[in-house]
There are 2 protein chains.
Amino acid sequence: MDDVMADTLAAQLEWLRRNLGGTLTKEDFNGKRWAEVLSEFEQKALDALLAEGSFFGGLPVMPGCQEVLREMNQRFEVFVATAAMEFPASCGPKYDWLRKHFPFLDKGRFVFCGDKSILNADYLIDDLTRNLRGFRGEGVLFTAPHNVDERGWKRVSNWDEIGEMFLGQPSHVALVR
Amino acid sequence: MDDVMADTLAAQLEWLRRNLGGTLTKEDFNGKRWAEVLSEFEQKALDALLAEGSFFGGLPVMPGCQEVLREMNQRFEVFVATAAMEFPASCGPKYDWLRKHFPFLDKGRFVFCGDKSILNADYLIDDLTRNLRGFRGEGVLFTAPHNVDERGWKRVSNWDEIGEMFLGQPSHVALVR
C-alpha cells in the first residue's frame, strides 16, 4: 500500500514542508536510506506522526492505481497487504482509505501484517526488496527513490507498467495515461 | 485467535447472560450454526457489540495457550492470523490483547486479515473448516461447539494437545495441566 498504492513519501515531504519548513524533494532520496537524508529531529517527528495513525487516512492515491486495480480485480484475486504492526493505530485509517478509494476491492482480501513472508500469492508488488526477498512467489519491485539503485529484480515504475504486465496490451489501461 | 487463543464464545455468552438475560451454554451450540441457536435479536445485538471493537480487548485466554505458545515460539516461526476485516474496529483491541497476553510473540508476525487462503505457512490451527479448506499447508481443526460433527480433519481439543503435537512428549507442557 505505502509508496505503491499511496504516495506516502509525497505526503510525508509535504507534511515536513508545511510544519517544519523542510525543503526536501523526492529526488533527494534517490538511492538513499531515510537516515541519510533526514535529520534525527525530522525522523522523530515523522515517526510520531505515523504512530498517531490518522495521517494514513489522507494519503494521495498513486496515478493510475485505481483504474488498473479495477481491471486486475476482474481477472485475478487481488489482495492488498500492508505493513501496519509497527504503527497499529494506522489500521483503522488504512482500512477507511482502502474502502474510500478502492470500493470495488473485497475487504476480506485486505491483509494488515508485518513480515510479508507469510503471504501466499503468485506475485507481490512492493517497493521494499526485503519484502520481496522472503516472498514465495514472484516479486515485482515498484520503483521508489530509495530503491532506484537496486538490481536483479523485475521492476515497474508506475501503474501503467503494472497494467501492461498483468493485463497486456492493448487494454483499457491505455486510458490511464 | 478467536475461539483458539481467546475464548470468544464464552465471553459472548457471558455478555448475553449479563445484558439480555440469556441462559445459553456452550453445549447448546454443539454441531449447530449460530443462527440455529440464537434469536434474530440476539444475533443483531452481538453483531453490534463485535462491530464496536473494544469487546475483543477483554477476552479470556484459552487455558494453556500462553505456556504452549511460549515454547513453540522458541522453536518455530509463530504467526497469529485473525479475521479482523469484518469488524475493522477490532484491530486496535486485538493488537492490544495480543501484546498484553503474549508479550513474547513478535508483533511483526501478527496478521489481521479476512480470507486466510493468503497465508503461507506449514500449519494452520483454526476452528473454522472454511479457513482450513483454502489453506496451502496442513490444517488442524481446533475443537469448538460448532465444529464437533466435522469429520476428516486432524483435530486438537485444547492447547495441551497442540503442545503434544508440536513439542512432543515429555515436555514442559505437562506443567499446563
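A residue is called buried when its relative accessible area is under 20%. Keep that cut-off in mind as you look around this predicted model. In chain A, buried residues make up 49% of the 177 residues. Below is a short tour of the chain's build, its surface, one buried residue, and the way chains A and B are related.

**Build of chain A**
- Chain A has 7 helices and 5 strands.
- Reading from the N terminus, you meet these elements in the order α-α-α-α-β-α-β-β-α-β-β-α.
- The radius of gyration of chain A is 16 Å, close to the 16 Å that the globule rule gives for 177 residues, so the chain is as compact as a globular protein of that length.
- If you follow the C-alpha trace of chain A along its principal axes, it spans about 45 × 35 × 35 Å.
- Take the contacts in chain A with a separation of 6 or more: 56% of them come from residues 24 or more positions apart.

**Surface and charge of chain A**
- About 8700 Å² of chain A is exposed, and carbon and sulfur atoms supply 48% of that area.
- Chain A carries 21 positive and 27 negative charges, and the mean positions of these two groups are 2 Å apart.

**A closer look at Gln12(A)**
- You can find Gln12(A) in helix α1 of chain A, which covers residues 8-20.
- Is Gln12(A) buried or exposed? Its relative accessibility is 7%, and because buried means under 20%, Gln12(A) counts as buried.
- Which residues is Gln12(A) in contact with, leaving aside its neighbours within four places in sequence? They are Trp34(A), Leu46(A), Leu50(A) and Phe55(A).

**Helix α4 of chain B**
- Now move to chain B, where helix α4 covers residues 65-75.
- The buried residues of this helix are Cys65(B), Val68(B), Leu69(B), Glu71(B), Met72(B) and Asn73(B).
- What do the buried residues of α4(B) pack against? Their partner is α7 of chain B, residues 159-167.

**How the two copies are related**
- In general, a rotation about an axis and a shift along it relate two copies of a chain.
- Here, chain B is superposed on chain A by a rotation of 180° with 0.0 Å of shift along the axis, and the RMSD is 0.0 Å.
- The two copies are therefore related as by a two-fold rotation axis.
- Both copies use the same surface, as 100% of the contact residues of chain B recur in chain A.

Note on methods: Residues are numbered from 1 along each chain as its sequence is written. Chains are lettered from A and ligands numbered from 1 in the order in which they are written. This is a predicted model: local features need pLDDT of at least 70, side-chain atom pairs count only at pLDDT 80 or more; totals for chains, interfaces and linings use all residues. Side-chain values use heavy atoms; hydrogens and water are left out. Helices (H or I, at least four residues) and strands (E, at least two) are DSSP runs, numbered from the N terminus. The radius of gyration is taken over C-alpha atoms; the globule rule is 2.2 Å times the number of residues to the power 0.38. Buried means under 20% relative accessible area, exposed over 50%, partly exposed in between (1.4 Å probe, protein chains only). Contact means heavy atoms within 4.5 Å. Accessible areas come from the Shrake-Rupley method with a 1.4 Å probe; for residues, only the protein chains shown count as cover. Lys and Arg count as positive and Asp and Glu as negative; His and the chain ends are not counted. The place of a charge is taken as NZ of Lys, CZ of Arg, CG of Asp or CD of Glu. Copies are superposed by least squares on the C-alpha atoms of residues with pLDDT of at least 70 in both.
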